[in-house]
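Here are a few notes from my pass through this one. Have it open while you read.

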Amino acid sequence: MDIARDSRKISVGDVRLNVFDAGEGPAILLLHGFPDSMALWRRMIPLLIARGFRVVAPDQRGFGLSSAPTGVRHYRIGNIVADALAVLDAAGVKKAHVVGHDWGAVIAWFLAGEYPDRFETLTAISVGHPRAYASAGIEQKRKGLYTWFFQLRGLAEWILSRNDFAYFRKWVRNYPETDQWVRDLSRPARLTAALNWYRANLVRVLTGKHPRCRLPALGIWSSRDFALAESQMTRSKEYVDNAWRYERLEGFSHWIPLEAPEELSRLILEFIARVER
């Protein structure tokens, strides 16, 4: 399946979003994070479609083939939440299951809290509820130091990109996707656009008021995640006013959708089936 070939552009205000949409049946909205694109889901999409689901997966603003507007304010959570709703509207989807990874999980938590009428279930991969993340202990504070480094406008870009993105390559542990990430982030203004997600939202995530989740929620975390501690996911149950399930995956790094597509798809589909019984 060629997800790039099967994608199309939709307009959300001045932003053009590249969206994959295929399959028939109940809709699943897939939201990626940093430094990914819809390609994060390429190994899961055929599995979900084969099980009778319609998959909708955008390149979020600033990433992939979607627009990258200039200015931090364009990357505030409210704008990105509005993008997700506009994608569903353009697809004619009234209600979907939402699955998010990394920053996509943050957006999914907000969607589940603020627009429960548009979604059936939430699956948060790697990143727990914003309030659980903000109140997590010293392990998460240590793992999350990079988010403060990303606030250094201009300097962070220079350090990450110099010598053919040597520091960035080291930070992502030379993950197999790294060359593609570097190609994407090397495009004009794209590294700044990606970092603007952190600049627009980190303080809000750490200090703001966040909606409680009103949907059945599944949290998934992997034992080799270098950026997220387990506690920020397990404590998310304190902010869920519905069914909660937690799954720990052993031996996988931060990019679970790429490393364990079959197991991740199975967990999501089993959770959906359990909720619908």
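1. Start with the strands: β3 (residues 27-31) runs parallel to β4, and three bridges hold the pairing. In that pairing, A27 sits opposite R54 of β4. Keep in mind throughout that this is a predicted model.

2. The connection is worth a look too. Together with helix α1 (residues 45-50), β3 and β4 form a β-α-β unit, and the unit is right-handed.

3. β4 has another partner in β2 (residues 15-22), this time antiparallel, with four bridges between them. Here A22 is the residue across from V55 of β4.

4. How many residues of β4 (residues 54-58) are buried? Five of its five, so the strand counts as mostly covered, buried being under 20% relative accessible area. R54, V56 and P58 point one way, V55 and A57 the other. That fits the usual pattern: side chains in a regular strand alternate between the two faces of the sheet.

5. Now go to α7 (residues 155-171), which has an odd span. Its end C-alpha atoms are only 16 Å apart, where a straight helix of 17 residues would give 24 Å. Check D164: α7 bends there by about 120°.

6. Buried residues of α7 include I159, L160, F165, F168 and W171, but also the charged E157 and R169. The buried set packs against α6 (145-149), α8 (178-185) and α9 (190-207).

7. Just past α7, R173 has a positive phi of about 60°. Further on, E177 lies in the loop between α7 and α8. Is E177 buried or exposed? Its relative accessible area is 13%, which is under 20%, so E177 is buried. Leaving aside residues up to four places away in sequence, E177 touches R42 and L258.

Technical notes
Residues are numbered from 1 along each chain as its sequence is written. This is a predicted model: local features need pLDDT of at least 70, side-chain atom pairs count only at pLDDT 80 or more; totals for chains, interfaces and linings use all residues. Side-chain values use heavy atoms; hydrogens and water are left out. Helices (H or I, at least four residues) and strands (E, at least two) are DSSP runs, numbered from the N terminus. The expected span of a helix is 1.5 Å times one less than its number of residues. The bend at a residue is the angle between axes fitted to the seven residues ending there and the seven starting there. Buried means under 20% relative accessible area, exposed over 50%, partly exposed in between (1.4 Å probe, protein chains only). Contact means heavy atoms within 4.5 Å. Two strands pair if DSSP finds at least two bridges between them. A crossover is right-handed if, with the strands pointing away from the viewer, the path from the first strand over the helix to the second runs clockwise.
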